[in-house]
Amino acid sequence: MARMHGALLFLFISCLALVINGEEKVHNLANLQQLTFYESFELPIAFKWGVDDKSVFYQYHNQIYTVSTKEAFPRPRRVSTGLGSNQLVGLKQNGDILYLTDAFRYDNLTAALQRTLRDRAENAKLPYDLITANSLGNLKHKANLTIAKTAFTDPTGKFLIYESDTYFHLINTLDDSEQIIANRSGSDLKLISGAFSRKLNRVAFSVEVGGVVQVYSFTFDYNTGKLDNGTILQESKTQYFWVNDFTPCGKKIVLTTGPDKFNATYLKVYSATDDKDKGTDIGSNGRVFSAVFGASFSNDGKKLAFSKLAGEFSNAVIADWNCDDKENSTPKRGIQMPVEKHVSRKANARHSKYAGMVKRGSNGFEGSEKHLKNVRQLTFGGQNAEGYFAFKTDSFVFQAAGLEEYGTACDQIYRQDFDRTSQTTVKSPPQRLSTGLGSCTCSYFFPDDTHAIYASTFLNIDPAKINDPKIGTCDPKKCQSQQAKTDPILKSLCNTSYTWDLHPGYDIFHVDGEGNFIERLTDTPGYDAEGAISPDGRLMVFTSVRTGDPELWLYNFETKAFKQLTNELGYDGGPFFSPDGTKIGFRASRPKTDADVEKYKKLLSYDLIEPLAMELYTINVDGTGIRQIAKLGNSNWAPFYLIDNQRIIFSSNYNATSFGGFDLYVINDDGTGLEQVTFSKGFDAFPMMSRDGRLLIWGSSRNGKSRTDLNLFLADWVD
């Protein structure tokens, strides 16, 4: 209702905010549609359209976002890391995103996070790196460039113009050839913004020097990458100009102009070749838009995206663009995309947390899965795990890896909306909540569904590893490391055990609904992960090795106090609250013999555990009443309370013939009533019941296209 009210308010205010201009013709836009609903004075800027025109990318509070142009009240998705200051540069033909970031210019990423937490909107005035990321925002490449402030590309991403400390540069990104456009040494010459037109073979950009703002237009040869000397189209000491985009038809450009870069601004159309053109205002119904900024045309030339004041706040809007009488009536941009060299990479998620544990299951269901009805597959490839429902909305968070599917070899955290009434359950791409750096695990919503937690190692990554095509910034598994080849003890442990890594770089972070950081929740040395939020949102339970052994801990969001819950030798992990918030179910190993204790401690000294012998436990939230639920043997894990607060659904291989054969079971928390739920003869784990008790989500190897595929499934729960 609040969003609907905002939309109606926008349509009403947009009419009031128009200024009548009786002297000049107004280029009229039609069918305005609001895309974002921020309640902030910060402007969304630097718009670029996705390659299929189904989304718009923009810059907001120093981060890069994308938002659907086809959905009603769409949720913006952040595609930058969430760290430092970022500027949108452009998009490539294959959908990759180019943007600038200063996150890797700090002494370390901890410093970048601290700066981000202090003031997201403030620019630290550091130089920038040029980043290439895929459509989800996961990083693919960090260029060996130092960019002082501004950069922009042609519509194909082939050519880049940027400002360094000494020059304006033009680079061919395919062969790294470079041309110096201007020397700014010893001057205050600054690049403001710019745009390419492949149709017109032109480049336009605005600069500031000596308090004067100038707009230049150049002829540009796309074959040689050469500029001519250029023409000054506009020059002013009293007006500021931003070059936004070339119109899709005719030799014109759209500029944002205003008395200075901080005050009231207007969109105007100017000739791209005639320096005597005074410009035409952009508006609607004969009235000029005021308090607008930025502009970008869709690839088919039919839409214009820009930001506009709606009431108190500025938001992103799109509108229909029609060519006027002076323009060519065919609104096509005529972009011939360059062919990029592409190295085929097979799906590889061996650095995912649960890689090596998955056994491929049958495509059908064997046996009587009587508790599951109307089973729907939610993901299709890679390793997708730990899907956990939101409290109020039809969405879930999950972790996923796969070079082909996600562009990462290790897990990142995503949010996915779903439609419980449709067989086409998932209709939009997932929203990444994590940074795209390091490894991630164990995300969980707060009860308001607008905040979440997750654990990650991104603070410890080496930025140089971004360009590693195999594992990127993933944390290498200890048993796949060079140390495992040279250390005889570790080599022996790895050769005789299946292990999980407790990476000491894991910490837990609190983020908002777009994945932007609110606070770092843990900062002690060693592994902190596997967090879950209580039903009232007051507490977080998690696993930590801060005392030297993996134990359960509580964190109180109101008092900021930590409390240890368990204190017995062995790994305690995977905790979740009961629906009434009084109990916590978890998995634990308890080495008993001298040999088991010795092996456990040796593994832990290498930040490893062996999850082959785990049983289910429950404990009261106040730390009392810990007890083992059953003694099934083998590996019993991923427990989650059903809504009756008595039964627990979990994963086990206690009666399997091989380690990778895991099925779901239900058991009462007093150890009675054990019942098998799945019969796929593969891997089924990470079950969670929806808050209303009607749905079950879990991870399964059924229907897998490869040996390592692990996907999420949804089913109606039948008691």
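In what order do the strands of the open sheet that holds strand 43 run? The order is 43-44-46-47, in an open sheet of four strands with antiparallel pairing. Two strands count as paired if DSSP finds at least two bridges between them. Strands (E, at least two residues) and helices (H or I, at least four residues) are DSSP runs, numbered from the N terminus. The structure is a predicted model, in which local features need pLDDT of at least 70, side-chain atom pairs count only at pLDDT 80 or more, and totals for chains, interfaces and linings use all residues. Residues are numbered from 1 along each chain as its sequence is written, and side-chain values use heavy atoms, with hydrogens and water left out.

The protein chain holds five helices and 54 strands. It has 719 residues, and 60% of them are buried. Buried means under 20% relative accessible area, exposed means over 50%, and partly exposed lies in between (1.4 Å probe, protein chains only). The accessible surface of the chain comes to about 28900 Å². Carbon and sulfur atoms account for 49% of that surface. These areas come from the Shrake-Rupley method with a 1.4 Å probe; for residues, only the protein chains shown count as cover. Contacts are heavy atoms within 4.5 Å. Among contacts between residues at least 6 apart in sequence, 54% join residues at least 24 apart.

In the sheet 43-44-46-47, the edges are strand 43 (572-577) and strand 47 (627-628), each pairing on one side only. Strand 46 (residues 615-620) runs antiparallel to strand 47, and two bridges join them. Thr618 has Arg627 of strand 47 as its bridge partner.

Another open sheet of four strands has the order 48-49-50-51, again with antiparallel pairing. Its edge strands are strand 48 (636-641) and strand 51 (675-676), and each pairs on one side only. Strand 49 (residues 647-652) and strand 50 (residues 663-668) pair over six bridges. Ser652 is matched with Asp663 in strand 50.

Edge strand 48 also contains Ala638. The phi of Ala638 is positive, near 55 degrees, in a residue other than glycine. Ala638 is buried, at 8% relative accessibility. Phe686, in strand 52 (residues 684-689), likewise has a positive phi, of about 55 degrees, and is not a glycine. Phe686 counts as buried because its relative accessibility is 3%. Most residues other than glycine have a negative phi.

A hairpin is formed by strand 4 (residues 45-49) and strand 5 (residues 55-60). The two strands pair in the antiparallel sense over three bridges. Ile45 has Gln59 of strand 5 as its bridge partner. Five residues lie between the strands, and Asp53 takes a positive phi near 65 degrees.

Cavities were identified on a 1 Å grid over the protein atoms alone, as sets of points where a 1.4 Å probe fits but cannot get out. Points are joined across faces, edges and corners, and a volume is the space filled by probe spheres set on the points. Five cavities of 30 Å³ or more are found. The largest contains about 190 Å³ of space. It is lined by 20 residues, lining residues being those with an atom within 4 Å of a point. Leu139, Gly407, Ile471, Gly472 and Thr473 lie nearest its centre. Strand 11 (139-142) and strand 32 (408-417) are the elements that give two or more residues to this lining. Strand 32 gives the most, with four residues.

How values were computed: 1 Å grid on protein atoms, 1.4 Å probe; cavity = no way out; pocket = protein on both sides within 12 Å on 5 of 7 lines; lining within 4 Å.
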